[in-house]
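Please open the structure in a viewer and keep the selection panel at hand. The tour below proceeds by selections, each followed by a description of what is found there.

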Amino acid sequence: MTQQTGQDADKRPSYKDTLNLLETGFGMRANAIHREPELQAFWKDKGIDLELGRNNPGPMFTLHDGPPYANGALHMGHALNKVLKDIINKHRLMQGRKVRFVPGWDCHGLPIELKVLQAMSQEQRQALTPIKLRKKAAAYAHKQVAGQMAGFKRWGIWADWEHPYLTLQKDYEAAQIDVFGTMALKGHIYRGLKPVHWSPSSRTALAEAELEYPDGHTSPSVYVGFPVVDLPEGLRSKLNEQGLDLPAQSNALSEGLQVAIWTTTPWTLPANLAVSVNERLDYCLADDGKGRFLIVAAELCDAIASKLERPLQAKATVKGADLAGITYSHPLLERRSAIVVGGEYITTESGTGLVHTAPGHGVDDFNTGRKHGLPVLCPVDEAGTLTAEAGRFEGLNVLKDANAVIITALEDCGSLLLQEDYSHRYPYDWRTKKPTIFRATEQWFASVEGFRTEALTAIDGVQWLPASGRNRIESMVSERGDWCISRQRTWGVPIPVFYQRETGEVLLNAESIAHVKALIAEHGADIWWEKDEVDLLPPSHSAEAHLWRKGTDTMDVWFDSGSSWASVSSQRDGLSYPADLYLEGSDQHRGWFQSSLLTSVAVNGTAPYRTVLTHGFALDEKGRKMSKSLGNVVDPMVIIEGGKNQKQEPAYGADVLRLWVSSVDYSADVPIGAGILRQLSDVYRKVRNTSRYLLGNLHDFVPSRDAIAIRELPLLDRWMLQRTATVLDQISEAFERYEFFRFFQLLQNFCVADLSNFYLDIAKDRLYVSAPTDKRRRSCQTVMALIIERLAAAIAPVLCHMAEDIWQNIPYPTETESVFLSGWPTVPEEWRDDSLQAPMQELRELRAAVNKVLEECRSKRMLGASLEAAVRLEARTPALQDALHWLQSKGDQEVDGLRDWLLVSQLQIGGEPWAELLASDDNELAVIEVALSRGEKCERCWHYESDIGQHSAHPSLCGRCVSVLERR
Ligand SMILES: [Zn+2]
């Protein structure tokens, strides 16, 4: 926007030095690579973030950080999450709230344990003791935390970096033991043998949250006939009534009658202990044409016939309840079992309507087995290998060779009716990407049933943003089963229990919990592995330590992070429990939001948060997930520091990353890519250059000396303040609602439409050409100073570096040494004058209409600068006529001239139409005529005037410029 003197000025003395040109150290370019770290060092040296958090006068605001997992490089998901939190915290700080943001990390769990193991040789692994593994895992986690922390700091995130919470800290672990203990003493924790999702590849039980269901899983499904060896008398007589007389003798019966079942997991057949039916369904005995009857659900008879490619003719039909008590012999093992009544889970959607039941390998099977007093047989070890209980199949692996061998054995004994591949949803271990199985193990559970109602009530009292979050978590909590909280791993917080070596009796009471908690609080959880029972048992049991064995299970990491309210927000100074806000990705309804809710409700009967805000996920510009194979991964560090090829991947700086976060509607998934970054960088530059223009024109302005009182300001300036007040109101509201994309739009519009293209465009003449101390210049500077301070403050939560850079470049003394100490921007009441709005709106529309005609002339090369033009106007609407009258009667003579606002040299309102026109327009608003201006061009101000040449010392200047020079 700098005005240059003309080319012809080269030969004569230049008047350029007599203009008031821009002067500022605030660069056009951000130079973010150097400048941002400097500004961060400034905050750190001055302790500005922590000082505000502690000493602010307002009430406390606690945003409780959800801990990212301490593994791997930072990605755009981290950026979205942490920058959103930081924008909110900085805004609250500037509002005067006490804000202490304690960053957290989730440090236990399998991925880190695997990382450590993968880095070791086979021999090293074999020599590894649990405590050595734990030390290595802790060191790995600390290193990862340090790396991620450095990244977060570079993004400009303010937090209590000196005192983060890590789930491996001893005070954290002790608080977690307390949560577990309190739940146990309230009766919410129990131990039970139960089929759980088991990952043979990880050798551990998995929670629902640790499963994924990849496309394309195929299982070898089999239809199998179990030979019937005995019929209950009631059934026999019902069959007789229908004309079916089956042999009484076992051998003969088993030749002629089979129970048809279907399974997609043939490896579970050695664990078969029953066949279940739905008592209300109809079942038929169908003749297969080879002298044998198959029992199948009547409704499925035809479908099974065509599948088996043999005729099936129903000879008798009975209810499921009638089949109960049939004895069949296991086709592969020496075992006889019975048909039992299962439940409504048995349907005719697929299979045969008779369900192979292995209580050790399925939840429904387990429940049915419990109902009928069946044992929980589980002939599969933790690696997925069949045990001696599986008879001749011992040693086979259920995910490798067991299925094929068992299918062959079924074929050999004539029980295999059909084998076919079957595609279906099947749970995989989310970490190893290998299939899981159901396997009955001794596990620890939190009984959600015990506090489900309380949890649902607590959900009701929380504000969920967006509101759909409430339904998500509500349905998840109302439907979820008990929470399996034990894991058979080493890197975690121990389940603090002892087992009586002989009887298996469990020691878990107030004394034992308090004792272990105190040990962990002092030494950390490693003590559980470092010490023997004699040192870990409570005093009342230490004398009989040899009778007890400490447990080896650790807790589900969701229990770790779900206890953070107990160890952080409810314990640390400067934080509140329940926290004001939890803010994480929308997948956390089934993760951290839920585990935190469950533990908090179970212990205290209350939700750990007042408001829960969720964000979507970062996708590429085409809406695809980012992946290395697609090559569409955007790395936050490359955005900040640039890539290998800086032309393709320039160094945008942390503020552009932050601006991206503010620009997206994060309630859904959000896109990011090179094109979006280029657009953001344009917006960033517009804000920067607008600020630079404001700063550059204030170099000789000292508010205490030069400012003009608000009531004495010209209309244009008062309108600009009124407009600023309105925009700040809207920005404040957007921040209050966490709708930062609205801030982004408002900021852009304010900088471009209100300031750059209108107010500052008009101001050039006032600022450059006037004498430095002229009121028309000082009044403009007054407005610019008032705006730049507030603009800097309003962008500070998002563009924190630019805001501070602006503040440091304000040329006059400011009241505070940092923009963050200046508070959230407000305006004095006298700025607000609604009467300015309507006439100014009319005049801005008129200006736009005139600009259109001038632009037309310029495009036809009839005009260069708009100052070469003269304009005649006739207002068509009463509103515009009123506005023109208002401006004429109330406007400041020096500033509120429409001619200057239109940037033309001559203006005539009304009068006779002009003869020689360059262009004209006759629209609803006004008649607009454009002609070449009369007179000559003043060399200094470029206005065309008729009084040029009248002054001998300055023959090329207009009278106005001469008088300015004479006063210098
Ligand atoms: Zn002039």
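**First stop: helix 2**

Select residues 48-55, which form helix 2, and colour Ile48, Asp49, Leu52 and Gly53, the buried residues of this helix. These residues lie on the same side of helix 2, because they cover an arc of only 130° around the axis. Please bear in mind throughout that the model is predicted.

Next, turn the view to the opposite face of helix 2. Which exposed residues does the face turned away from the buried side carry? They are Arg54 and Asn55.

Now return to the buried side and display its surroundings. Among the elements that cover the buried residues of helix 2 are helix 1 (32-46), helix 3 (76-94) and strand 2 (98-99).

**Second stop: an open sheet beside helix 3**

Keep helix 3 selected and add strand 27 and strand 28, since the next view concerns these elements. Helix 3 lies across both strands and runs at about 155° to strand 27.

Strand 27 and strand 28 belong to an open sheet of three strands, in which the order is 20-28-27 and the pairing is parallel. Which strands stand at the edges of this sheet? Strand 20 (463-465) and strand 27 (579-585) do; each has a single partner strand, so one side of each is left without a neighbour in the sheet. From one strand to the next, the twist averages 15°.

For a detailed view, select strand 20 together with residues 609-615, which make up strand 28. The two strands run parallel and are joined by three bridges. Within this pair, Leu465 is placed opposite Leu613 of strand 28.

**Third stop: strand 8 and its partners**

Select residues 218-230, which form strand 8. Of its 13 residues, 10 are buried, so strand 8 is largely enclosed by the rest of the structure.

The pairings of strand 8 may be visited in turn:

- Add residues 416-423, strand 17: this strand runs antiparallel to strand 8 and is joined to it by seven bridges. Here, Val222 has Gln419 of strand 17 as its bridge partner.
- Add residues 257-263, strand 9: six bridges link it to strand 8, and the pairing is antiparallel. Here, Val224 is bridged to Ile261 in strand 9.
- Add residues 327-329, strand 14: its pairing with strand 8 is also antiparallel and comprises two bridges. Here, the bridge partner of Asp230 is Thr327 of strand 14.

Note on methods: Residues are numbered from 1 along each chain as its sequence is written. This is a predicted model: local features need pLDDT of at least 70, side-chain atom pairs count only at pLDDT 80 or more; totals for chains, interfaces and linings use all residues. Side-chain values use heavy atoms; hydrogens and water are left out. Buried means under 20% relative accessible area, exposed over 50%, partly exposed in between (1.4 Å probe, protein chains only). Helices (H or I, at least four residues) and strands (E, at least two) are DSSP runs, numbered from the N terminus. The arc is that of the directions from the helix axis to the C-beta atoms. Contact means heavy atoms within 4.5 Å. Two strands pair if DSSP finds at least two bridges between them. Axes are lines fitted to C-alpha atoms, for helices over the stretch in contact, and angles run from 0 to 180 degrees between N-to-C directions.
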